[in-house]
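User: I should be grateful for a close look at one part of this structure. Please describe the sheet and what packs around it.

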Amino acid sequence: MTKKKKKIYKKKGKIVKDLTKNIFRILNVDSSKSFNYKQIAAKLKIEDTDGKNQVIQKLVELTSSKKIKEIDRGKFQINEDRKYSIGTLDITSNGNGYFMTDDYENDIFIPNNNLGKGLHGDVVKAYVYKRKRSNKLEADVVEIIERSKNEFVGVLQKSKNFGFVICDNNKMYADIFISESKMNGAEHGDKVQAKLIDWPENSKNPFGKITTVLGKPGDHDTEMHSILLEYDLPYEFEPEVEKEAESLPIEITKEEIAKRRDMRGDLTFTIDPKDAKDFDDALSFKKLENGNFEIGIHIADVSHYLQPNTVLDDEAYARATSVYLVDRVVPMLPEMLSNGVCSLRPNEEKLTFSAVFEINEKAQIVGEWFGRTVTYSDQRFAYEEAQSIIENVTLSDDVQPYTMPADISITDTSYEVKPAVVEATLKLDELAKILRKKRMKQGAISFDRVEVKFNLDEDANPVGVFFKTSQDANKLIEEFMLLANRKVAEFIGSHKGRPSNKTFIYRVHDEPNDEKLASLQNIISKFGYKINTDTKESTSATLNQLLSDVQGKAESNMIETLAIRTMSKAVYTTQNIGHYGLAFDYYSHFTSPIRRYPDVMTHRLLQHYLDGGESPKALPYEERCKHSSHREELASKAERSSIKYMQVKYMQDHKDEVFEGVITGVTEWGIYVEITANKCEGMVRIRDIKSDYYIFDEEQYAIVGQSTKNMYQLGDDVKVQVKKTDLERKHLDFNLIEE
């Protein structure tokens with residue numbers, strides 16, 4: 001595929017996704033004008049026949065649903081008579097909402113009294129109208145089509161014969177009424193999970209029943225379980241699931257080995273975090289006679305044990321992902337599988353699914369093989385151990401054993417690493433750096449974010465904060481996992497440089513939103529930074545330069561966060577549009593089936609095609625992809641919520657201290673400040689700043705004193721002190737220390 005054709009194909013993918021909104025955008029500019037499909041295609045810069053056909057199909061579809069009208073043969077106009085639309089509710093923390101629908105270019109404001117008992121995330125039918133004074137669009141919810149959720153976590157406020165559950169989620173604007181018979185033994189002040197059972201027409205509160213009593217607010221386990229339940233994430237397996245896992249045959253038989261490529265004799269090792277228990281990937285290394293290297297990326301063969309249409313598979317699919325909270329992992333698979341039979345532990349034979357590459361000194365792929373294998377891990381490294389080798393040994397013809405220092409060793413004792421393992425680690429690091437350099441040159445975005453980690457005591461209380469950065473050892477593993485994921489997707493998705501049209505699981509990432517990029521440029525210009533968005537290539541290059549320039553600066557975390565928000569979300573789908581952030585035309589997830597269900601589907605489809613199978617229908621897989629993307633998003637929110645909880649808990653013990661911070665957000669009700677030393681973020685409310693009456697200036701991302709004209713602006717350095725900590729709401733309030 002030529003570069004030009006690649007660009008058209010990817011552009012087409014983006015257009016298809018937003019086609020409805022783009023057509024409405026064009027027709028809404030002047031509702032009295034009409035356009036034919038050629039004019040619309042030209043405005044959307046669609047030049048290929050396939051793209052134009054999709055425009056025609058979409059126009060027919062919108063006409064039949066009366067969202068647009070055909071006023072003359074082949075000429076289309078916005079239908080001003082359309083009043084009702086279906087979309088999703090986004091509730092704000094102040095109780096108002098926005099209606100999000102493909103029928104309109106922008107989200108539509110809904111005042112609280114027009115929500116019609118709709119809740120955050122609900123799919124609703126809404127009446128859209130223009131306000132008489134401002135001529136702005138507003139909406140009125142007329143029907144709840146599908147509830148996003150009907151179970152909520154909160155604290156029970158109990159009276160004599162009834163009670164209300166005050167929900168933790170600030171987007172849940174209505175307290176839940178609980179009658180005495182629906183208390184389920186809960187006491188006043190308990191943290192509970194409540195289920196909506198009715199919402200009478202004449203009541204401002206929904207009626208519910210308590211399904212689970214979680215414990216007392218502030219108790220650590222209670223709060224962690226609350227976070228999981230808030231996002232509909234289970235924290236234990238049902239007995240029947242555990243029983244099925246325990247009954248699996250785990251012996252590796254001669255018959256099974258005979259069906260696989262036997263790679264037990266190849267030098268193989270794992271590199272993982274110190275506290276990891278589920279090792280789902282390993283690397284093998286072998287020097288070939290022609291001077292090249294054979295490198296195997298070996299992944300736990302979860303699909304051998306996880307068979308379709310079983311209780312175990314149904315549970316894994318329902319979960320779709322492992323969840324990583326601050327103090328625990330909630331696995332996708334029972335421990336017997338995740339930490340046992342599937343985990344590539346050292347000195348054990350394991351069934352694996354492998355991508356094996358012949359690679360030359362320039363990190364060019366000159367051969368590839370995919371299939372089921374049996375492997376044997378010779379060594380387990382923590383990232384810190386592999387990093388110690390990389391930093392202290394130079395690759396040479398006469399590599400000596402390396403003595404691992406006791407303070408770095410995962411066994412807390414010094415030990416000797418064999419020369420072959422040392423050489424393999426150094427050569428893999430060298431090749432990974434070449435692969436990374438190529439990827440960056442092709443336009444990949446480098447988000448090397450600092451992770452906030454907590455030192456916890458035996459009761460899981462945070463006693464310290466530290467920052468974790470990605471080092472060479474982390475990047476070594478990352479590059480070879482990226483290589484396997486990319487090459488597996490290419491192997492199935494591409495045939496002689498063209499899409500193969502075989503059903504497969506892709507991990508896709510769309511190009512950044514132009515409006516968000518413009519907003520980012522507006523903000524970073526205040527700090528003296530700039531990005532060039534003229535082309536895809538210039539956008540990638542200058543974003544990378546920006547991320548490099550802010551490293552170590554006070555505003556780094558804020559700008560990195562804002563840059564990430566300009567990006568589209570990566571999702572799973574059968575419709576490949578490439579991965580913008582990685583600069584790959586084809587990309588999948590193959591390397592973590594212990595913790596991600598899409599990887600299990602990838603393994604199954606890959607083996608199906610290796611066996612000569614025909615392409616299955618895409619629709620069932622597309623539904624599974626949507627489910628997996630949704631579960632991933634929930635898990636990510638739960639992880640962030642657990643971090644926020646720990647930050648608030650940590651700050652409870654530091655109320656008397658003054659901290660230096662940076663303003664990371666400005667709103668009409670206050671400024672958000674991130675503490676430089678620990679990345680904890682809280683709010684300084686405008687009403688708490690006593691030196692003047694401050695007014696929000698949206699254009700300058702600032703609040704300005706009415707009398708003094710003193711300004712607090714996004715990115716400013718400030719000093720704050722903790723005013724209030726709210727563990728249940730996971731919220732920090734600061735007092736501003738004014739100079």
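Analyst:
**The seven-stranded sheet and its surroundings**

In this predicted model, 7 strands make up an open sheet with mixed pairing, in the order β13-β20-β19-β16-β15-β14-β21. The edges are formed by β13 (261-262) and β21 (379-382); each has a single partner strand, so one side of each is left without a neighbour in the sheet. As a general principle, the strands of a sheet pair through backbone hydrogen bonds, either parallel or antiparallel.

One pair of strands may serve as an example. Strand β15 (residues 281-287) and strand β16 (residues 293-300) run antiparallel and are joined by 7 bridges. Within this pair, Lys287 stands opposite Phe293 in β16.

Two helices should be considered together with the sheet. Helix α11 (residues 419-441) packs on the sheet, where it touches β14 (267-272), β15, β16, β19 (349-359) and β21. The direction of α11 makes about 65° with that of β14. Helix α12 (residues 472-493) lies across β14, β15, β16, β19 and β20 (365-376), and it runs at about 105° to β20.

Helix α12 also leads to the question of the nonpolar core. The largest nonpolar core has 83 residues, of which Ile297, Leu337, Leu476 and Phe480 touch the most other members. The largest share of this core, 10 residues, is supplied by α12. Leu337 may be examined individually: leaving aside its neighbours within four places in sequence, Leu337 is in contact with Leu248, Tyr305, Leu312, Cys342 and Ser343.

Another core, of 58 residues, lies apart from the largest one and includes Phe454, Val684, Ile686 and Tyr701. Phe454 also belongs to a pairing of strands, as it stands opposite Val465 in β25. The strands concerned, β24 (residues 451-456) and β25 (residues 462-468), run antiparallel and are joined by 6 bridges. Together β24 and β25 form a hairpin with 5 residues between them, and Ala460 in the turn has a positive phi of about 65°.

A further helix contact completes this account. The axes of helix α8 (residues 311-319) and helix α17 (residues 618-652) come within 8 Å and cross at roughly 60°. The two helices are therefore oblique to each other. On the side of α8 the contact is made by Tyr317, Ala318 and Arg319, and on the side of α17 by Glu623, Arg624, His627 and Arg631. The residues of this contact comprise 2 nonpolar, 1 polar and 4 charged.

Conventions:
Residues are numbered from 1 along each chain as its sequence is written. This is a predicted model: local features need pLDDT of at least 70, side-chain atom pairs count only at pLDDT 80 or more; totals for chains, interfaces and linings use all residues. Side-chain values use heavy atoms; hydrogens and water are left out. Two strands pair if DSSP finds at least two bridges between them. Helices (H or I, at least four residues) and strands (E, at least two) are DSSP runs, numbered from the N terminus. Contact means heavy atoms within 4.5 Å. Axes are lines fitted to C-alpha atoms, for helices over the stretch in contact, and angles run from 0 to 180 degrees between N-to-C directions. Angles under 35 degrees count as roughly parallel, over 145 as roughly antiparallel, 65 to 115 as roughly perpendicular and the rest as oblique. Ala, Val, Leu, Ile, Met, Phe, Trp, Tyr, Cys and Pro count as nonpolar, Asp, Glu, Lys and Arg as charged, and the others, Gly among them, as polar. A nonpolar core is a set of buried Ala, Val, Leu, Ile, Met, Phe, Trp, Tyr and Cys residues joined through side-chain atoms within 4.5 Å. Buried means under 20% relative accessible area, exposed over 50%, partly exposed in between (1.4 Å probe, protein chains only).
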